Amino acid sequence: MELVRSNFHIAMFPWFAMGHLTPFLHLSNELAARGHRITFLLPKKAQTKLQHLNHHPHLITFHSITVPHVEGLPKSTETASEIPLSSIHFLTIAMDRTRDQIHAFLKASAADPKHIIDMIVFDLAHWIPDIARGLGIKSMYYGVICAAVYAAALVPAPECNSVPMTVTEERQRRNPPPPYPSSTVVMTRDYEVRSLIAIREPCGEGVTFYQRVITSTKECDAFCLRTCRELEGDFCDYLEAKYQKSVLLTGPVLGLNKIPQQLEDRWAEWFAGFEAGSLVFCAVGSQWIFEKDQFQEVLLGFELTGLPFLVALKPPLGCETIEEALPDGFEERVRGRGVVFGGWVQQPLILSHPAVGCFVHHCGFGSMWESLLSKKQIVLVPQWPDQILGTKLMAKELKVAVEVEREESGWISKESLKEAIKSVMDTESEVGVMVKRNHEKWREIVSEAGFMSGYVDRFVQNLKQIV
């Protein structure tokens with residue numbers, strides 16, 4: 001009878017973007033807290049940004065990967081945050097060209113009894129299962145976005161290999177055929193359906209994003225998602241049927257138990273001047289950079305609310321600073337009640353401040369969960385397919401948030417942004433009362449003692465059966 005391993009050694013190899021590196025490190029911390037050893041494979045620049053999040057340095061070792069230069073990328077580019085989205089294709093080529101490095105590392109570990117890797121966890125590097133299998137190492141695909149995204153757009157389907165999107169497939173995206181488990185978590189608007197074109201565009205040499213995901217999830221030994229059954233159980237069941245393999249779950253794994261307790265003085269002092277629940281906080285992630293006209297329209301929307309606000313956005317395309325991109329007269333009109341900030345902010349700590357009453361965000365998966373666990377009203381303004389479908393889950397399925405209505409072109413008008421915010425911030429708004437009531441119900445469920453840790457414990461038990 002084979003003995004089940006009590007501890008194991010796992011290699012982590014996420015895509016070179018903070019939205020992937022960070023949740024992989026959060027999972028690493030949870031595994032290390034339970035006595036397991038982690039070797040985290042990542043670019044050198046990313047180590048500097050992540051070092052402070054490594055809470056178990058005696059068990060989690062960072063191993064540097066040299067990212068080769070690829071024509072089309074600025075010299076020394078290593079992570080997605082350094083380049084516009086139009087250049088991501090070239091960074092995926094660079095990642096694929098680290099294959100020999102990853103293979104050499106895994107091969108060396110297999111030859112050393114003290115450093116044998118039991119499993120490698122990955123996402124976009126679709127070639128990992130192939131090299132791991134040849135060395136007797138298990139591989140696990142770890143998806144860090146909603147299960148609904150995989151169910152709606154990333155399941156095996158022959159027609160999805162065609163470019164451009166066929167009329168039949170476009171119709172199915174709007175009304176997925178049974179047994180798709182939801183009539184609300186679907187692409188309904190033209191600009192939403194058009195956003196799916198990105199999954200079929202080149203994402204490396206001779207491969208699309210869709211093909212990467214399908215190859216990875218089919219060929220890996222374990223398929224795992226960063227979600228929970230309470231929110232997405234039906235989508236997980238659907239994926240198990242489509243992929244014909246079990247879907248393991250880690251829960252959201254947010255790493256919130258190690259958040260520093262001190263909000264920066266500049267924000268703490270400024271927030272202190274506002275009434276409880278009166279301020280609107282907006283953050284849309286590091287990858288979303290607006291065109292200048294849309295940037296200005298969004299800011300005018302916040303101004304129109306008449307509410308105090310903190311908006312964390314990068315300067316728009318073509319601008320070096322926030323100041324040069326502001327609408328004419330904007331700074332003078334909102335002085336004292338509105339701040340537009342282009343740097344990094346302490347999002348979890350800001351969300352915990354009593355002055356903040358509303359969180360406007362893009363529905364990236366981390367922000368989605370942080371808002372769900374907060375006591376703030378939620379307004380969503382998604383951009384990419386995963387964010388659009390996550391927004392449908394939050395606004396249409398769970399009914400805990402309001403989505404900003406866009407024009408058919410995808411344009412966000414200042415009036416629609418203002419209306420969405422006012423609908424949840426006005427105390428007499430029926431919509432605001434409804435989403436607040438539903439939000440409180442779901443927050444109680446996911447905040448219950450042992451909810452998060454229970455998912456990780458069950459995940460570890462499943463891993464022990466695999467490795």
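**Note on the predicted model: charges, salt bridges and helices**

1. Glu332 is exposed, its relative accessible area being 52%, and readers should keep in mind from the outset that the model discussed here is a predicted one. The residue sits in helix H13, which covers residues 330-334. Glu332 also belongs to a patch of negative charge on the surface, where it gathers with Glu320, Glu323, Glu324 and Glu331.

2. The salt bridges deserve a careful look, and the count for the model comes to 18. One of them joins the side chains of Arg189 and Glu408, with a distance of 3.2 Å from N to O. This pair links distant parts of the chain, since Arg189 is in the loop between helix H7 (167-174) and H8, whereas Glu408 is in the loop between strand E13 (402-403) and helix H17 (414-425), and the two are 219 residues apart. Glu408 counts as partly exposed, at 37% relative accessibility.

3. A further salt bridge is formed by the side chains of Glu297 and Lys414, here with 3.8 Å from N to O. Because Glu297 lies in helix H12 (residues 292-305) and Lys414 in helix H17, the pair ties together parts of the chain that are 117 residues apart in sequence. As for their surroundings, Glu297 is buried, with a relative accessible area of 12%, while Lys414 is partly exposed, with a relative accessible area of 25%.

4. Lys418 and Glu419 also meet through their side chains in a salt bridge, at 3.2 Å from N to O. Glu419 is partly exposed, with a relative accessible area of 45%, and Lys418 likewise counts as partly exposed, at 23% relative accessibility. Elsewhere, Glu30, Arg34 and Asp457 are joined into one network by salt bridges that share partners.

5. Helix H19, made up of residues 451-466, has 16 residues, and the 23 Å from its first C-alpha to its last is close to the 22 Å expected at 1.5 Å a residue. Which residues of H19 are buried? They are Phe451, Gly454, Tyr455, Val456, Phe459, Val460, Leu463 and Lys464. In reading that list, it helps to recall that an α-helix has 3.6 residues a turn, so residues three or four places apart point the same way.

6. Tyr191 lies in helix H8, which runs over residues 190-195. Is this tyrosine, Tyr191, buried or exposed? At 11% relative accessibility Tyr191 counts as buried, because the cut-off for that class is under 20%. The C-alpha atom of Tyr191 is separated by 24 Å from that of Pro315, a residue 124 positions away along the chain.

7. Two backbone angles should be checked by anyone inspecting the loops. Ser76 has a positive phi of about 70°, although it is not a glycine, and Ser76 lies in the loop between strand E3 (60-65) and helix H3 (88-96). Lys399, again a residue other than glycine, has a positive phi near 55°. The place of Lys399 is in the loop between helix H16 (385-397) and E13, and this lysine, Lys399, is partly exposed, with a relative accessible area of 41%.

Terms used:
Residues numbered from 1 in each chain as written. Predicted model: local features only at pLDDT ≥ 70, side-chain atom pairs only at ≥ 80, totals over all residues. Heavy atoms only, no water. Patch = residues over 30% accessible without salt bridge, like charges linked within 9 Å, V, L, I, M, F, W, Y side chains within 5 Å. Areas by Shrake-Rupley, 256 points an atom, 1.4 Å probe, with all protein chains shown as cover. Salt bridge = Lys/Arg side-chain N within 4 Å of Asp/Glu carboxyl O. Lys, Arg positive; Asp, Glu negative; His and termini not counted. Charge placed at Lys NZ, Arg CZ, Asp CG, Glu CD. Helix = DSSP H or I, 4+ residues; strand = E, 2+ residues; numbered from the N terminus. Buried < 20%, exposed > 50% of the residue type's maximum accessible area, 1.4 Å probe, protein only. Expected span 1.5 Å × (residues − 1).
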